[in-house]
Amino acid sequence: MATLTHDLYRYSHTIGFYAQNGRGFNNPVDVALGRDGVLYVLNRAGSDVELRMLYKRVTMCTLDEDYLGEFSSGGTEDGQLMWPATITIDAEGNVYISDEALHRISIFDAQGRFLGKWGVRGSGVGMFDRPAGLVFDQDQHLLVVDGLNNRIQRYTKDGRFLGEWGKGGHGPGELNLPWGIAVDRAGAVYVADWRNDRIQKFDAQGGFLASYGISGRGDGEFSRPSGVVVDGEGNIYVADWGNERVQVLSPDGGFLATYRGESGLSKWGESYFIANQDELEERRKANLEPELSLSPLDELREESASIEKFFWGPISVKVDDQGRLYVVESCRHRIQVYRKAPGSA
């Protein structure tokens, strides 16, 4: 099966490897691109097993997989995480994390020191019910996807409520369990409308502008899109979570490309397998495409689960100012990095 349908990006390398702590990730759900090349990788580490409370954390590393440290842990106290969902960074380098279980936003400085928090569960003004996506707009106000309340809320950086928009439903501008969010250079807001299987575009005040995609597996169709980001040219990147792929749309929503994954071993993975040659052989076998006789959807999921190079649980996408694309894979505990193909800029 082809990995991409238009030569926009080419696979560069993989960051990460499964680890309960230290060098590696544990069910990562998002990445934030910080100053001086620091990546902040948000590890959810599952939500049901008590032992995994120890492994919820933010890993700090670089594009070249230099391990810089980690901060936070599982729990309900200040600075701790339960069901962390997304992570973003303000203009001063401070780190903001949404937490679905604790219904709050937590703030840390660039070194991981806890600075503050806000939020309680509810549907009233300034309350949350499973907050998810976070992004700063052009005025450095924080937009928060309030998932079960089917709305977008806007705050100052210290948590002062400024406004909201959105309501539950299936019509234009209505939301059904939204998750990811992005802002383009013109200030327009893009929301991954998860259960409606589409991306919606709003103006800076929340006025509906456009909707891209319908339910399905074809080009430009989505199954539970979880992440969205927009590059400097206005191209839209979508973590098409239910279809185990990333899709790229043009600024007007036209289909451009599909990516299934091309991962090789990361540096951390190579170090591990040098000392574990038997597991390296099992990994090699896993990269051989299996003979499958399943329904198309089950076959897709089995491929992603069985073939190690493919995306499995692509939950978040980000782009940096160098034009690199980062795809966070929760089920394979890694980030695949892509670079613009020559002549595609």
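In this predicted model, the charged end of Arg-260 is placed over the ring of Phe-310, at 4.3 Å from the ring's centre. Aromatic side chains also meet one another, in 16 aromatic pairs. A further topic is an open sheet of four strands, ordered 18-19-20-21 and paired in antiparallel fashion.

**Charges over rings**

- The charged end of Arg-260 sits 4.3 Å from the centre of the Phe-310 ring, over that ring.
- Arg-224 likewise lies over the face of an aromatic residue, Trp-194, with 5.2 Å to the ring centre.

**Aromatic pairs**

- The structure contains 16 aromatic pairs, one of which is formed by Phe-25 and Trp-268 in an edge-to-face arrangement, with 5.7 Å between centres and 75° between planes.
- This pair connects distant parts of the chain, 243 residues apart: Phe-25 belongs to the loop between strand 1 (9–15) and strand 2 (28–33), while Trp-268 belongs to helix 1 (residues 267–274).
- Phe-25 has a relative accessible area of 0% and is therefore buried; Trp-268, at 3% relative accessibility, also counts as buried, because buried means under 20%.
- Phe-108 and Phe-114 make an edge-to-face pair as well, at 5.9 Å centre to centre and with 70° between the planes.
- Is each partner of this pair buried or partly exposed? Phe-108 is buried, at a relative accessible area of 1%, whereas Phe-114 is partly exposed, at 30% relative accessibility.
- A cluster linked by ring pairs comprises Tyr-9, Tyr-11, Tyr-237, Tyr-259, Phe-311 and Tyr-338.

**The four-stranded sheet**

- The sheet is open, and its four strands follow the order 18-19-20-21 with antiparallel pairing.
- Which strands stand at the edges? Strand 18 (225–230) and strand 21 (255–259) take these positions; each has a single partner strand, so one side of each lacks a neighbour in the sheet.
- On average, neighbouring strands of this sheet are turned by 20° against each other, with direction ignored.
- Strand 19 (residues 236–240) and strand 20 (residues 245–249) run antiparallel and are joined by five bridges.
- Asp-240 stands opposite Arg-245 of strand 20.

Methods: Residues numbered from 1 in each chain as written. Predicted model: local features only at pLDDT ≥ 70, side-chain atom pairs only at ≥ 80, totals over all residues. Heavy atoms only, no water. Phe/Tyr/Trp six-rings, centres within 6.5 Å; stacked < 30°, edge-to-face > 60°. Helix = DSSP H or I, 4+ residues; strand = E, 2+ residues; numbered from the N terminus. Buried < 20%, exposed > 50% of the residue type's maximum accessible area, 1.4 Å probe, protein only. Lys NZ or Arg CZ within 6 Å of the ring centre and 35° of its normal. Pairing = 2+ DSSP bridges. Axes fitted to C-alpha atoms, helices over the stretch in contact; angles between N-to-C directions.
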